[in-house]
Structure formats: structure tokens, C-alpha cells
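Student: Could we go through this model together, starting with what the database record says and then moving on to the fold itself?

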Amino acid sequence: MTREGTSTLIRREDYLAPAFWIRKVELCFDLDPLKTIVTSKMQVERNAAVAHGPLKLHGEEINVLRVLINGESVSFRTEDDTLVIDNAPDADFALEIRNTCCPEKNTALSGLYTSGGSFFTQCEAEGFRRITYFLDRPDVMAVYTVLMRADKTKYPVLLSNGNLVEQGELDNNRHFAKWHDPFPKPSYLFALVAGDLVAREQRVRTRGGKDHLLQVFVRRGDLEKTEHAMNSLIASMVWDEARFKLPLDLERFMVVGVSDFNMGAMENKGLNIFNTSALLASPATSTDADFSRIESIVAHEYFHNWTGNRVTCRDWFQLSLKEGLTVFRDQEFSMDMAAAPSARAVCRIQDVRQLRAMQFPEDSGAMAHPVRPDSYVEINNFYTATVYEKGAEVVRMYQTLVGRAGFEKGMTLYFERHDGQAVTCDDFAQAMADANPGSELTKRLDAFKRWYSTPGTPRVTARGSYDAISRTYTLTLSQQNNGAAPQVIPVAMGLIGHGGQVLPLELQGEAEYHGNERVLVLDQAEQSFTFLNVFVEPVPSLLRGFSAPVLLDDGLSDADLLTLLTHDTDAFNRWEAGQRLALNRILAAVRSGTPLQLDAAYVDAMRSVLNHPQLDAAFKELALTLPGEAYIAEQLDVVDPQAIHAAVEAAQLQLAQALRADWVAAFEANGTIAGGYQPDPVSVGKRSLANLALAMLVLDTQAADAAVWQGRAYQRFKDAGNMTDRLGALAALVNGGAGLADSALERFHALFKADPLVVDKWFALQGRAPEREGRTFAKVKALLKHPDFTLKNPNRARSLIFSLCMFNPAAFHRADAAGYVFWADQVLALDAINPQVAGRLARAMDRWTTLTEPYRPAALEAIRRVAAKPDLSPDVREIVERALA
Ligand code: ARG
Ligand code: ZN
């Protein structure tokens, strides 16, 4: 592979409209794993708005055979990854290009590749140029007709976007299929699949009376695992019509599973392609978390049909236009599916936990970038938590500022204006504002749009003062983000008395009365709000439902937090109060360098939550789970990962010990669920609490009945009726360092060795296991040589290597630097196979500058070693260079 001249910085401000448009494409594929021949006939016209110039097409790792214009051969040259035609006509013309590519050797899994003997494509962001020469940019939209020819025995199923118009037999045991997609689309939405697949099918009629065929294609043995995905797809269709009046616009909607895939899934028009890990589910092989992830990814890709496909991005800087919006939509869908208010809160808490674990560190690390980045070297590096999850928070703030009905009006106007276009984040903002004149958003639209351009997590400080004589409460909010101009921060809030009274909110200077919950809009560096007729001293409950993606310092005392934990009417803030109590204790121990010792007040509060007669099991599990180590690290200027880990482990063990009788009760109350497996919120909550309780009971190896609980965990592992219970019991044994862990691991592997997605869980569990005297790290290194391990399959690479480097700080950050050496070796090995996956792994060092001695210099050395490799992919090069900048 030659990698020269590929590391150029692309800037948003340099955007230029394309010099040519491609309006129609006819593609013909003669599929062969080693040499596929692609013929592309394009209808091209000059963009009159752009000055006369050569036609330059993108192409990568393909061999051009011929180029014809209006049927005549034409002179062309290739420069790096561009094909240049200097004498393109001024009038519209037909351009024909024939080239070859080699799907079998395509281990990068971008473009056309093979997996398990079938053909698949992945074209977002710039994979289409690895199939044929094209204007591979999202603002060039064409109508595609695709003819596929392939061996009939090996590839009985031939799929592409849109509708099947023709199929038939050819000589030499070959056959063909012709597909036509009536919707103009950018090349990144093109897809093709050819292989020996089977489909679950379902015909549905939508509200408008239109009939559709839904199909989920998988390998032969996997058909029984597609029911959940099909149900999720149908639920998504129903929801999008009900909530946003957005119907399915195709007669046929296909979903295909593939084992080798770089990301979760891809929204190709009418032909979504999924990582099998985001598609296949069965109670015996998938956990509750898998069921819920599949539901949300199926929904996410389906929702892209409107937010992404019908209205797409003008350029890749606008990625959050489709991703932030679509994540927001899939989050809303999951909440609506959860239905009950408490289950909705559980969804929200999980989303925020994810944001804090992944996006907050990103926003303060080497790869920090705004939701709409200003520059990139490799766009694949910008499919990030910031673009996706923070982008979704930005969309959520629109809804908070204009209300749910106002948001729906904004969406309607957005589609009225931009259906069929490739647009920008500004266009979305404008539609939201114009649909809601006079709203809190529209009044300060320009300031609100700073969310798109400002990197970093704003810090909000809140201080209140109560005047008992005048019965007024003044809340002063201020914000700070490395000197950036103030953001528009919606602060949903309420006031609670120490006895649990919900206090009315009467804001000074405001005619209207807003009840006992409202949104304050903080848009200055500092602002004060005075509430009248506050009859007792209140505790402010701020940022309810996590109404903005900020770090909040509200200065609340333990007593205040305990009040919120017990009485807040907002379930999110109840949970948050418990997290803050834990965080304060962990931070105090880490900062002072003293061993953590939990106090009775905290332990009693946790006991009350655990034994609470009304709270849901799901909420209890979340409240009793300590804050994540990555989020804890974000609160510190200098990070000692071992100290953080030791404090968290100590807190966990003390909760296990102090609440032992309560954990037993929780396990007995939630450990068995009558009837068959159902992934509904109530059952899921019970299983999650039972698993936490079991983990706690196995964790305390000093308890008098330690052996009993280890035995019970092993028994439960063996007899489990579903994967959630089985993996939960196995994790309790492995994470608790139980003597039976090894034999359980062996048994698990023997049971599931034929199912790659379960083998991934087996590797991941070992990669994430708590470090004990270096044994976890040694085990991971040994597992690299396991016959089931391979770097070529992204899921497998992630299951072992990413688990260690990104999700197991105590095993990764070693005083002897062996973790960093391991990281560098794996990044380099992966880079030769799959740069996108290597680029992801490279990001394990994003936050190295905050590490304390001896980690920091050792990390630097490892990063330098990677950077010194001369032929790095642009993906990895960009990440390590930013880390060293
Ligand atoms: N658009 C896809 C999704 O979020 C993600 C595909 C990104 N692929 C990539 N190679 N960067 O649904
Ligand atoms: Zn997406």
C-alpha cells in the first residue's frame, strides 16, 4: 500500500460547490472476489455557477481500464487519488469509466469487500471512490441504476438500493439482477450485497394505506435471531409516522447483517447494512443491553431515511446535521418505547452516562472538536461522540427551548424547505427558528449556534441565597468555557424544601406564573434570578433531565444532596444526587491520597434506595452503580488512574460489605422472573439489579457465607435461562476473582464457541476484568494467541484489545509501561489491516497529557513510537499527531 500525499488538512471555510454535477449513474458489476469489473455510465453536466475547469474524479485502490466521453475515448491522467480529464465538454455529456477492484483483499472494509464469502459495501464517508471513479462528495446527488452479475450458486441473492426491476439467468452458471433507486442520492448511500443469504419477510401497511415489504437478510443459521430486529423496524416505522408524520417512502426496505463491519450500521437508501452485533438477537445469546442496543440502532438507521437521506449533508463538516438529529430521534424513540415515566428516566440516565464516559473526555482531550468541526485530515476520525452524542444534546436543547410541539413544527418546515437537498447545520437552525417566531430560541439564534462552533464542555456554577425575611431566593448562574463566548444554556429546574415540599416558582419581573418546574435560559457569563414567595429555604434542583451538556458545580452540601436523593420529583436529578455523593467521596480520597472510607450517612442513603418500596429495580441499579472512572478522571487536573480505580474498588467493596443483607434481599426479590424471557423495562430492571446484587455478594470474599454465594453464582451461571443472567453470573465470578471463575469461563467458551458474537463477549469480559497483580494484563496478552482471536474482524479486535486499552484503566496504565507498549504494537498491527479501526484504538491516548508520573512520559514514548512509523494511514497519523501537538 502506498500512502503518499494523503495527509492534507481539509477546512470547512474552503468549501466550494462542485465544478460538475452527476445526475444519473448506471453501474454494472461483474462480481468476482479477486477482480470485480465495474462499468459506470454517468450523465454529467457542468455546474454553471463555477468557473470552467477540468473534471476531477476521486478514486482509490482501483485500476482504470478505459474512459469514454460520449462514446469516444478521451485522454486523462491520474494524480494520486484523482482522475483528471482536462478537456471535458461544456455541454452535458455521457461519461463511461471501466475499472477493476479487488474485494477479497479489501481488509479496510471500506468500499466493496467480502465477508464470509459474500459481497458487501460500506461507502460512508468516502468508500465509493474505492469502487469506481466518481465525484464522491455528499452534495453530488444522482439517480442510480445498478446491474449485478455473479455466480448463481455462490451468490444467489443480489441486492442494491431501491426496487428490483429485472432479474434472470446468464451463461456459465451466472445470473443477474437490476435495481433502480428513484431517489437521487449521494454516493455514500450507495450499497450492494451479493451472497448466500436468507430473509425474514414481513408485509406492512402504513397509515396512508401504502403497502411495503420489509426484509431482514442474514446467513442461513441466523434467521431465528432476526425477529427482534424486524419488530424494532416495524415499531420505528409506526413511531416516525406518529411523532413526526414521516412515512416510509419505498416499496421495499431491506436490512442486511454482516460479521465484518467497522461501525454499528449504515443507512444506505432502502438497503441498510448492519454489523451482526447490532442486528442479531436471541434470549440465549444476547443480553438485555444487546436487545436495547439493537432496537435503537435499527431505529437510528431507519430514521436516517428522512434525516440523512431525504435531506442530506452538503459536506462532511455538517455530519452532525444528520447524526446528532438522528441520535436524538432514536433516543426519543427508545424513551417512548419504554413508556412509563420511570423507564424514560432510566433511558435518559443511560444516555447521559454514555455522554459523560465518552464525550466529556473527548471534549477536553487531544481530539476535542466542535459539533461542526472546522477541519479534518481523515473524516472517518470524526464519527465521534461529539458529533453524535453531543450533537444529539444540541438537538435536544432546541426541543427544550421551543417545546415539543414547536420542535415538530420546526421539523416540518425543515422538510418543506430542504427535501431532496444537501444542506448545512445552519439550515436546520434557521428552520427551527423560523417555525417558532418569538421563542426563546429565535430571540437568540446566533448565540445558540455557538453550540456548533465551540469545543469543550462549559462549566456552569450555581449559587443560591435565601432571605427568610423577604422570602426571596436568588439563584446566580455563571458559565465558563476556556474564555469562549457564552453559550445559550437551558437550565430546567425546580426548588425543593428540605422536608420534600415542592416549591412554587414565581420569578421576579415576570407576569406569568410558571408552576413548579421551568427552564431558565442562561445566555450571559453570569445571571441572577430571584424567586418570590419562597416560604422555606429551598434546595435548587438544577439541570433537570440533564437539560444541557455541561459540567455543573452547584455547591450543594451533603444534606442538600440527600434531600434531592430522597425527594426530588425529577428522577434524573435523584439519581444525579446519589452520583454526586459518591463522586465527592471518591474525589476526596483521590485528592488527599488517603484510603477511601465510606461514612454512615452515605451508606444509609444507599440502603434506603436499595430497599425503597416504590423505586424501580432499574433505577436502584443505576443509583447503586458508582460513577465511571473516565468521568471521575474528568474532574481532576492531574490523573492517577490507579488511585481512581483503588478508590472506586474500595467504595464498591464497602457497599458490598455494609449492605450485605440488603443485597441478599435484592437478589432474592429480583433474581427469578416467572414466564419466558421478555426484554421489557420491568424485567430488564429486575435482571440488572439481580446481577448487581450477585456481583456484590461474590465480591466480598471475606464474608462468612462467601463460599455459598460463589457456589450460587456458579449454579446460576450453569442453569441460566437467558444470556443476561448467564453473563451476569459469569461476570460476578470473574470480576469478583472467584476461584470458580476459570472453570466457568472454560465452560462458557465450550458452550458458545460456534457463535462469534458470544465469543466476543467472552473475550470482552476477560479484557475488562479488574486487574489483580498483573494477571488480567497477562491473560489478555495470552488471549492474543487464542485460536479464536483475529485482528481482521473488527468486533473481535474490539472485544479484546479495546476492552483493555479503553475500558480497563487499571490494567492498561501500568507503572512498567507495558500497557502502552501493547497499545502501540496493536495500533501498528491494526493499521496495516484496517486504518479506521486502528484510528479508533489510537484514541486510547487522547488524555495522556493529564496523566501523572510515571504514566505521562511512558505514554509519550509510546505515542512517539507510533508516530515515527513512516507509512501510517492518514487515520492514525492524524490521531497521534494531534496527541503530540
Ligand atoms: N452513518 C452511519 C450511522 O451512524 C455510520 C457510518 C459511518 N461509517 C464510517 N466508516 N465512518 O448510522
Ligand atoms: Zn447515524
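Tutor: Before the record is quoted, note that UniProt positions are given in the numbering used here, that feature names are shortened, and that annotations may be inferred rather than shown by experiment. This is a predicted model, in which local features need pLDDT of at least 70 and side-chain atom pairs count only at pLDDT 80 or more, whereas totals for chains, interfaces and linings use all residues. Residues are numbered from 1 along each chain as its sequence is written, and chains are lettered from A and ligands numbered from 1 in the order in which they are written.

Student: OK, which residues does UniProt give for the "Peptidase M1 membrane alanine aminopeptidase" domain?

Tutor: The unreviewed UniProt entry places that domain at residues 229-437. Helices and strands here are DSSP runs numbered from the N terminus (H or I over at least four residues for a helix, E over at least two for a strand), and residues 229-437 come out as 57% helix and 10% strand, with the end C-alpha atoms 40 Å apart.

Student: And what is the helix and strand content over residues 27-189 and over residues 456-553?

Tutor: Residues 27-189, which the unreviewed UniProt entry lists as "Aminopeptidase N-like N-terminal", are 0% helix and 55% strand, and their end C-alpha atoms are 14 Å apart. Residues 456-553 carry the UniProt feature "Peptidase M1 alanyl aminopeptidase Ig-like fold", also from an unreviewed entry, and this stretch is 0% helix and 49% strand, with end C-alpha atoms 16 Å apart.

Student: Which strands does β2 pair with?

Tutor: Strands count as paired if DSSP finds at least two bridges between them. Strand β2 (residues 20-30) pairs with β3 (residues 36-46) in the antiparallel sense over ten bridges, and the two form a hairpin with five residues between them. β2 also pairs with β12 (residues 141-151), in the parallel sense and over seven bridges. F29 illustrates both pairings, since it stands opposite V38 in β3 and has M148 as its bridge partner in β12.

Student: Switching to the ligand, what surrounds ligand 1?

Tutor: There are 14 residues around ligand 1, the closest being E124, M263, M266, N380 and Y383; a residue is near a molecule if its C-beta atom, placed from the backbone, lies within 6 Å of it. The elements that give two or more residues to this shell are β20 (265-266) and α2 (288-303). By class the shell has five nonpolar, five polar and four charged residues, where Ala, Val, Leu, Ile, Met, Phe, Trp, Tyr, Cys and Pro count as nonpolar, Asp, Glu, Lys and Arg as charged, and the others, Gly among them, as polar.

Student: Where are the cis peptide bonds you'd point out?

Tutor: One runs from E124 to A125, with omega near 0°, and A125 sits in the loop between β11 (118-122) and β12. Another joins E853 and P854, with omega about 0°, and P854 belongs to the loop between α25 (835-842) and α26 (855-867). As general background, most residues other than glycine have a negative phi, and most peptide bonds are trans.

Student: So what is the phi of E61, and is E61 buried or exposed?

Tutor: E61 has a positive phi of about 55° although it is not a glycine, and it lies in the loop between β4 (55-58) and β5 (63-69). A residue is buried if 20 or more other C-beta atoms, placed from the backbone, lie within 10 Å of its own, exposed if 12 or fewer, and partly exposed in between; E61 has 17 such neighbours, so it counts as partly exposed.

Student: How buried is helix α12, then?

Tutor: Helix α12 (residues 617-624) is mostly covered, with eight of its eight residues buried. Those buried residues pack against α4 (341-363), α10 (571-592), α11 (600-611), α15 (660-670) and α16 (681-699), a contact being a pair of C-beta atoms, placed from the backbone, within 7 Å.

Student: Last one: what does V377 touch?

Tutor: V377, in the loop between β23 (375-376) and α5 (385-418), touches S7, T8, L9, P874 and E878, leaving aside residues up to four places away in sequence. The C-alpha atoms of V377 and R877 are separated by 9.0 Å, although these residues are 500 apart along the chain.

Methods
Two residues are in contact if their C-beta atoms, placed from the backbone, lie within 7 Å.
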